[in-house]
Amino acid sequence: MDCSVIAEYGATILFVMGCLVFGVNIIVEVVKKLFPKIPTTFVATVVSVLVTMAAFFAWAAITGLEILWYYVAAAFILGLFVAYGAMFGFDKFKTALEKLKKDK
């Protein structure tokens, strides 16, 4: 496989992962308001995996990709990465913005 193809796929996966993290953050905030007793980390993990798997199956259906077991496993693992980004990435981004506002 050519290095340019790997770089293109890597950039696409990072973009999709960022979009998934953004979408999961919005969904988790809504679910937290509706069900405040459920732990946020649990909600974020479940929502991340479900949204990532749904996005993968939608992409596979659109492109006509044959779904193999290791594609599903990779989508599940990507869902866990999305969960990590949704749980910790937003908090770090929020604290960085607060620091910028304090410095002004």
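Ala, Val, Leu, Ile, Met, Phe, Trp, Tyr, Cys and Pro count here as nonpolar, Asp, Glu, Lys and Arg as charged, and the others, Gly among them, as polar. The views below all come from a predicted model.

**View 1. The largest pocket, lined by residues from H1, H2 and H3.** Welcome to the first stop: this pocket holds about 690 Å³ of space. It has 15 lining residues, and to find its centre, look for Thr12, Ile13, Phe56, Trp59 and Leu78, the closest of them to that point. Helix H1 spans residues 3–34, helix H2 covers 40–63 and helix H3 runs over 69–103, and each one supplies at least two residues of the lining. The largest share comes from H1, with six residues. As for the character of the wall, twelve of the lining residues are nonpolar, two are polar and one is charged.

**View 2. The second largest pocket, with about 150 Å³ of space.** Eleven residues line this pocket, and the ones closest to its centre are Asn25, Glu29, Lys32, Thr40 and Ala86. Here too, H1, H2 and H3 each provide at least two lining residues, but it is H3 that gives the most, with five. The lining is made up of five nonpolar, two polar and four charged residues. Glu29 and Lys32, both among the residues closest to the centre, belong to the charged class.

**View 3. How H1 and H2 cross, with their axes 9 Å apart.** The two helices pack at an angle of about 135 degrees. Angles over 145 degrees would count as roughly antiparallel, and 65 to 115 as roughly perpendicular, so H1 and H2 are oblique to each other. The crossing of H1 past H2 is right-handed.

**View 4. The residues that meet where H1 touches H2.** Which residues does H1 bring to H2? On the H1 side they are Leu20, Val24, Ile27, Val28, Val31 and Lys32. Facing them from H2 are Thr40, Val43, Ala44, Val47, Ser48, Val51, Thr52 and Ala55. Sorted by class, this contact has ten nonpolar, three polar and one charged residues. Two names may look familiar from View 2: Lys32 and Thr40 take part in this contact and are also among the residues closest to the centre of the second largest pocket.

Conventions: Residues are numbered from 1 along each chain as its sequence is written. This is a predicted model: local features need pLDDT of at least 70, side-chain atom pairs count only at pLDDT 80 or more; totals for chains, interfaces and linings use all residues. Side-chain values use heavy atoms; hydrogens and water are left out. On a 1 Å grid over the protein atoms alone, a cavity is a set of points where a 1.4 Å probe fits but cannot get out, and a pocket is an open set with protein on both sides within 12 Å along at least five of seven lines; lining residues have an atom within 4 Å of a point. Grid points are joined across faces, edges and corners, and a volume is the space filled by probe spheres set on the points. Helices (H or I, at least four residues) and strands (E, at least two) are DSSP runs, numbered from the N terminus. Axes are lines fitted to C-alpha atoms, for helices over the stretch in contact, and angles run from 0 to 180 degrees between N-to-C directions. Angles under 35 degrees count as roughly parallel, over 145 as roughly antiparallel, 65 to 115 as roughly perpendicular and the rest as oblique. A crossing is left-handed if the near helix is turned anticlockwise from the far one by less than a right angle, and right-handed if clockwise. Contact means heavy atoms within 4.5 Å.
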